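Me: Please take a close look at a single part of this structure, the nonpolar core. I should like one connected account of its make-up and of the strand pairing beside it.

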Amino acid sequence: MRMGDRIGFYTRSFFNVFYPNYCNLCDASLNSQENHVCLNCLYDLPYLNGNNLNMDKLNRLFWGRVQVEHVYSLLDYQKGNQSQQVLHQLKYKKKRKLGYFFGRILANELMQNERFDKIVPVPLHPKKLKERGFNQSSVIAKGISDGLNVPVDENIMDRIVYNPSQTKFSKYDRWNNVRKIFELKTPKSTLEGVHILLVDDVMTTGATLEACVQEFNRIENCTVSIATLAARI
Ligand SMILES: [Zn+2]
């Protein structure tokens, strides 16, 4: 490789790493107006559209279990649909910017609703965090935070139990598998009267989120709402 070619090669590699020009979902090249996802893919995503009926269904998952103010989700999570691809790219292909991008979109949806005081991403166990290298919920939370101008606080809660992948558990097992796995690490008094927006990448049975909310429900006057990138209706 000649020197000029080599410089060109490295410069291109550099720009491709930091300024990816391809759609994360279909690999089409992006024009200057598009970021991370092409407009075709963005248009075709299975949005829940803040539909009250859908949000009600999500809320009902928590009835009789924990006290949740509102539940919001951007995408309808169904096996094989595009929402799975978004989550896969974020979680396993480590496309953090994609998570941030969708966090900003979520923020737009949330804007018409309540005010939140703090945004808390569902924590990963330190061992899992080390394995993955980042918390996918944190990057979504950062996008929401910048959109709403509400701070992210990652020092409120720890995940104290490393639970194995839940994919092979039945719905019943999942409820049992995630109980008591979070622990507050901040004095309860600091969260009194605070409205927390709890953020996760995906909600299926709601069991992980329930375990998290349980901890906040022990605090006087602490309200919790939930926002996820995708949810199974
Ligand atoms: Zn695309």
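Reply: Two strands pair if DSSP finds at least two bridges between them; strands (E, at least two residues) and helices (H or I, at least four) are DSSP runs numbered from the N terminus. The model is predicted: local features need pLDDT of at least 70 and side-chain atom pairs count only at pLDDT 80 or more, whereas totals for chains, interfaces and linings use all residues. Residues are numbered from 1 along each chain as its sequence is written.

The protein has nine helices and six strands. Strands S1 and S6 run parallel, joined by five bridges, and Val71 has Ile226 of S6 as its bridge partner. Five of the six residues of S1 are buried (20 or more other C-beta atoms within 10 Å of their own, C-beta atoms being placed from the backbone), so that S1 is mostly covered.

The largest nonpolar core (buried Ala, Val, Leu, Ile, Met, Phe, Trp, Tyr and Cys joined through C-beta atoms within 7 Å) holds 56 residues, of which Phe102, Leu106, Ile144, Leu198, Val199 and Leu229 touch the most other members. Among the elements giving it two or more residues are S1 (71-76), H7 (136-148), S5 (195-203) and S6 (223-231). H5 supplies the largest share, eight residues. Because domain 1 (1-44) and domain 2 (46-231) both contribute residues, the core lies between them; the bounds come from an automatic or database domain assignment.

Beyond its neighbours within four places in sequence, Ile144 is in contact (C-beta atoms within 7 Å) with Gly103, Leu106, Ala107, Leu110, Ile119, Val199 and Ala227.

Note on methods. A residue is buried if 20 or more other C-beta atoms lie within 10 Å of its own, exposed if 12 or fewer, and partly exposed in between; C-beta atoms are placed from the backbone. Two residues are in contact if their C-beta atoms, placed from the backbone, lie within 7 Å.
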